[in-house]
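Please open the structure in your viewer and keep the selection tool at hand. This tour moves from stop to stop, saying at each one what to select and what can be found there.

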Amino acid sequence: MIPGKKIKTAYFCSQCGAQHPRWQGQCKECGAWNSLIEERVPDKRKAGMKGSSAETRTIAQIEGEILTGWRSGVVEFDRVIGGSLLPGQTVLLGGDPGIGKSTLMLQAAEAYSRQKLPVLYVTGEESMSQIKLRSNRLKVMGENVTVVTITTLEEIVDLVRATDYAVVLIDSIQTIVSSQFDSPPGTVAQIRECANTLIGEAKSKGFALFLVGHVTKEGLVAGPKVLEHMVDTVVYFEGDSSHLYRMLRAVKNRFGSVAEIGLFEMGSDGLSEVTNPSAFFLSGHSDQPRSGSVVSAIVEGNRPLLVEVQALVARGSYGNPQRVAGGIDNKKLALLLAILERRCDYPMSQHDVFVSVAGGLRVTEPALDLAVLTAITSSLVNRTVDHRLLAIGEVGLSGEVRGVTHIDRRVAEAVRLGFETILIPAANESQVQEKSARIVAISNLQLALDIALG
Ligand SMILES: Nc1ncnc2c1ncn2[C@@H]1O[C@H](COP(=O)(O)OP(=O)(O)O)[C@@H](O)[C@H]1O
Ligand SMILES: [Mg+2]
């Protein structure tokens, strides 16, 4: 409770920013649980009703100023933020704590600086010497990168007004406070006000602005979702901190496609681009046939990606069989096992089943179903699957294999990496012209298992 009688407070959702008059366990807007925080309601500024002095033009009358934008030269990064960074563009970079946002921002700062763009890196989380340490590790020279450690909004505004930076990075928006509010840093009111002011400065001064935001699960610090509608571009940095790969994914872009991902590998000297992701995710794939291992082609963003599904089926020793899925949804696994048991008569209920997608990738695409089921059956009957066989297809409840999108791209990627037999859904057969691999059209699961397991 915030003391004092006259101060008006309300409950704000830390996930979506919605305002509620009283506390409740679940946010009515976004459905998040335990996410409401009591905060002071920002005073409404008195808006005078003066005559408008805004200049109006028809689109045809708008002249010049066709902006070309800046490229960092890091292809995986540039593609996700919309090709090139436009003056005045605002980008929100969200991600779990520790995933590598600061690392990415520092390397982006260096890349822009190499393009002779003056960059300002504002950090509210680390000291100058910590930044220097990290820069040494990442081999960041930072000739044109100015670092400043401040946390007050007004100081940042004074600084960017007095100088001419092309790119300004704020790490993180949750640490910045405006002295106009007495609520603590990270509250919905603070991060909205700070982001709003900085976005305004970026638009009027013409610098590109990056705001870093930690994803918060619940509780006292508002997450980046609260800011998504305010910025031009929203990108999330994802990955599994126990694996090396990191994926940068655009979820909103006013100036480019959102179907773009960028792939990086985290190493001791920072992030490096993964330009051949399929080869990266298949790096542990055996060059000998093995049981329980099947490769499939998924599409992330606009890119086809080959992934290896591994399965291990063991006779259960306890009453309740174990089902453990890594990289795919547990419920999805249960569903696929039920299909296998009912449609193909394999006795799954007495077996423990472990399935994982190699490399730590999380896959939600149904096109992986056929590979998952083939891998499970291969392990169950202990028969190998040719390591140059690849299976694509969604499996329906009656055991039918259903068509998938972008079949041509998936097949082309499989051929590029040397796969010789490709199982595709019969519904997609007419869309594939590939001659350099054996394309087998599959209408149901049993047929696929017969072909794959010989
Ligand atoms: N000395 C190091 N060697 C290798 N990797 C490191 C080292 N220091 C940090 N990292 C990697 O960087 C990650 C932290 O990155 P950081 O950019 O600070 O994350 P964020 O800003 O998203 O919280 C760590 O989880 C680790 O993977
Ligand atoms: Mg950080």
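At what angle do the axes of helix α4 (residues 153-162) and helix α5 (residues 188-205) cross? Select both helices, and look along them before reading on. The axes cross at roughly 5° and come within 11 Å, which makes α4 roughly parallel to α5, because angles under 35 degrees count as roughly parallel. Now show the side chains where the two helices meet: on the side of α4 they are Leu153, Ile156, Val157, Val160 and Arg161, and on the side of α5 they are Glu193, Cys194, Thr197, Leu198, Glu201 and Lys205. Sorted by class, the contact of α4 with α5 has six nonpolar residues, four charged residues and one polar residue.

**The whole chain**

Before going further, zoom out, and keep in mind that this is a predicted model. The C-alpha atoms of the protein chain fill a box of roughly 75 × 50 × 50 Å along the principal axes, and a cartoon view of the chain shows ten helices and 21 strands. Of its 454 residues, 50% count as buried. Among the contacts with a separation of 6 or more, 67% are made by residues 24 or more positions apart.

Colour the chain by domain next, using 9-40 for domain 1, 70-275 for domain 2 and 280-453 for domain 3. The C-alpha centres of domain 1 and domain 2 are 26 Å apart, and the contact takes eleven residues from domain 1 and 15 residues from domain 2.

**Into the nonpolar cores**

Select Leu361 and Ile376, which are the residues with the most contacts inside the largest nonpolar core, a group of 49 residues. Add helix α8 (residues 369-381), which gives the most to this core, with seven residues. With the domain colours still on, you can see that this core draws at least three residues from each of domain 2 and domain 3. Apart from it lies another core, of 34 residues, including Ala10, Val148, Ile156 and Ile176. In soluble globular proteins, nonpolar side chains tend to be buried together.

Return to Leu361 and show what surrounds it: leaving aside neighbours within four places in sequence, Leu361 is in contact with Tyr245, Met247, Phe281, Ile298, Leu305, Val307 and Gly327.

**Two buried residues in strands**

Leu263 is the next selection, and its place is in strand β11 (residues 261-267). Is Leu263 buried or exposed? Its relative accessible area is 1%, so Leu263 is buried, the cut-off for that word being under 20%. Beyond the residues up to four places away in sequence, Leu263 touches a list of others that includes Glu76, Tyr245, Met247, Val274, Phe281, Arg303 and Leu305. For a sense of distance, draw a line from the C-alpha atom of Leu263 to that of Pro321, which is 58 residues away in sequence and 36 Å away in space.

Move on to Pro304 in strand β14 (residues 303-315), which is buried with a relative accessible area of 16%. Not counting residues up to four places away in sequence, Pro304 touches Ser278, Ile298, Val299, Arg409, Arg410 and Glu413. Its C-alpha atom is separated by 30 Å from that of Arg343, although the two are 39 residues apart along the chain.

**A second pair of helices**

Select helix α7 (residues 330-344) together with helix α10 (residues 445-453), whose axes lie 10 Å apart and make an angle of about 90°. That makes α7 roughly perpendicular to α10. Where they meet, α7 offers Ile339, Leu340 and Cys344, while α10 offers Leu445, Gln446 and Leu449. This contact has five nonpolar residues, one polar residue and no charged residues.

**Details of the backbone**

Finally, look at the backbone itself, starting with the bond that joins Asp171 and Ser172, a cis peptide bond with omega of about -5°. Ser172 is in the loop between β7 (167-171) and α5.

Asn382, in the loop between α8 and β17 (389-391), has a phi near 55°, a positive value in a residue other than glycine. Asn382 is exposed, with a relative accessible area of 60%.

The last stop is His406, in the loop between β19 (401-402) and α9 (407-416). Its phi is near 50°, again a positive value in a residue other than glycine, and at 33% relative accessibility His406 counts as partly exposed.

Methods: Residues are numbered from 1 along each chain as its sequence is written. Chains are lettered from A and ligands numbered from 1 in the order in which they are written. This is a predicted model: local features need pLDDT of at least 70, side-chain atom pairs count only at pLDDT 80 or more; totals for chains, interfaces and linings use all residues. Side-chain values use heavy atoms; hydrogens and water are left out. A nonpolar core is a set of buried Ala, Val, Leu, Ile, Met, Phe, Trp, Tyr and Cys residues joined through side-chain atoms within 4.5 Å. Buried means under 20% relative accessible area, exposed over 50%, partly exposed in between (1.4 Å probe, protein chains only). Helices (H or I, at least four residues) and strands (E, at least two) are DSSP runs, numbered from the N terminus. Domain bounds come from an automatic or database domain assignment. Contact means heavy atoms within 4.5 Å. Axes are lines fitted to C-alpha atoms, for helices over the stretch in contact, and angles run from 0 to 180 degrees between N-to-C directions. Angles under 35 degrees count as roughly parallel, over 145 as roughly antiparallel, 65 to 115 as roughly perpendicular and the rest as oblique. Ala, Val, Leu, Ile, Met, Phe, Trp, Tyr, Cys and Pro count as nonpolar, Asp, Glu, Lys and Arg as charged, and the others, Gly among them, as polar.
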